[in-house]
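I wanted to look up how the inside of this protein is put together. My notes follow the model.

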Amino acid sequence: KVYFMPILNSPVKMPARFFEVNKELVLCMFFVSIVLAHNVFALKESAFGRFDLSASLSAEYDSRVFGISSQALQAVKASGTPGVVPDEIESEDDLILKFTPAIHYTKKLRWFTFSGSAGVHLTQFVKNDKKSYIQPVSTFTIDFDESLKKRISNNAKIRFDMNFDLGQKVETSVLEQDLVSYSYFLVGANIRYNHSSKFGLGAGTSYTYRNYQDWATGGQTNSAYSDLATIPIYARAFYIYSEKLDFFTEYNYSRSRDMSGGGGVSLTDGATHGLSFGAQGELSPKLSGNANMGFIRQVYDSGFSGESTLSLGSGLQWSLNRKTSVDFDLNRGFSPSAQGYTMLNTTGRVSLNHRFTDDVSGTAYVSYGTTDYTYASGTSSSLRSNSLDNIGFGATVTKTLSKHFTTSGGYNFSHFARESESYGRHLVRVDLSGRF
């Protein structure tokens, strides 16, 4: 499986009040795309493949768009930190409008399926309008024989997949206490060899590179972000208990590196070593997914003392009946920050999924997370925190309006607690999407 995602290196910022001046234009673009879908693409099946058109329109209210408290945001604006532009921080909350039209292509050829898409994200921050941007979106995917998608392939001794991904993200990072923008590149490969009906081997690796272009508050250390590269590698040994269940043991190694070459004391350059045991597949007629537990150690190139802890990972689904299921997710592990520190993250979430009717479904969840920060000696900041705890809950309802249109709405609340303060974050979102 191969993915290509060409995209611009950074989002293009839109002129101030773009949507206030051009809101009629944006709405016209949305409805014109609908008309085109029923006319230009009426004959979408051809010898050259299948063409589809999609468009989505969403509105989201975020009470903490920069990911920090009101007090901390005021301190950042008055700090004079290099790189912080107070004029671009106009409000702690915002209404974010997004419009995303795209065209999609699919072609099946014997064992291969070729698919691609091209579109654009137009995003307007109503209050912090200088953070608005236009972001192109394009993807290309090649899927090999569909048997490769199976979790266990008894009809093939060797399975292999590979992916490439290049893109751009603008997101609120609560853990780093900032609104950041970065380009990313990912290339990865995985292989599995079934030696017999009861024993198999697997391995995989990837390379991820992040290039940071923009940030708002300076994050935990009131400083710029360095470009970050990570290379995780893993090896697995499988015991195939049945066609639907594997037990495995895994060794994983992950290397991170500061690619900006800025010098100074940093914990970005380092590695993790982990050993875990787990299972994947159908654990019972109603319980399926994956779960593992193990040991992980973080070491640093700078000579800073290493850390060791329990590692956890699970993604389980319990089917209560044909309409209702419960998801359980639990994860614990280290991750590097582009600001030169590391984070030990522990997160847990329980979700209840229910289909009310054939065209209405919903999800409700509760979550808890805690993050422990480790900094290099000599670093300090007004936003710096040794730990961050959060608890949250939320719900989403989705309705299929017709063959082409789907709408959804949801609410999420999170409460964050640091040593010196606590605050809440509210997210309310509604969207309408269509595919033709």
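I looked up the largest nonpolar core first, meaning a set of buried Ala, Val, Leu, Ile, Met, Phe, Trp, Tyr and Cys residues joined through side-chain atoms within 4.5 Å. This core has 21 residues, and Phe66, Ile68, Ile89, Val180, Tyr212 and Tyr225 touch the most other members. Helix 2 (70-79), strand 9 (178-194) and strand 10 (199-215) each give two or more residues to it. Strand 9 supplies the largest share, four residues. I took helices (H or I, at least four residues) and strands (E, at least two) as DSSP runs, numbered from the N terminus.

The model is predicted; local features need pLDDT of at least 70, side-chain atom pairs count only at pLDDT 80 or more, and totals for chains, interfaces and linings use all residues. Residues are numbered from 1 along each chain as its sequence is written, and side-chain values use heavy atoms, with hydrogens and water left out.

Next I listed contacts (heavy atoms within 4.5 Å) of Ile68. Leaving out residues up to four places away in sequence, Ile68 touches Leu73, Val76, Gln177, Thr217 and Tyr423. I also found a second, separate core of eight residues, including Val174 and Met343.

Is Ser69 buried or exposed? Ser69 is buried (under 20% relative accessible area; exposed is over 50%, partly exposed in between; 1.4 Å probe, protein chains only), because its relative accessible area is 4%. Ser69 sits in the loop between strand 4 (49-62) and helix 2. Beyond four places in sequence, Ser69 touches Arg64, Glu92, Glu421 and Tyr423.
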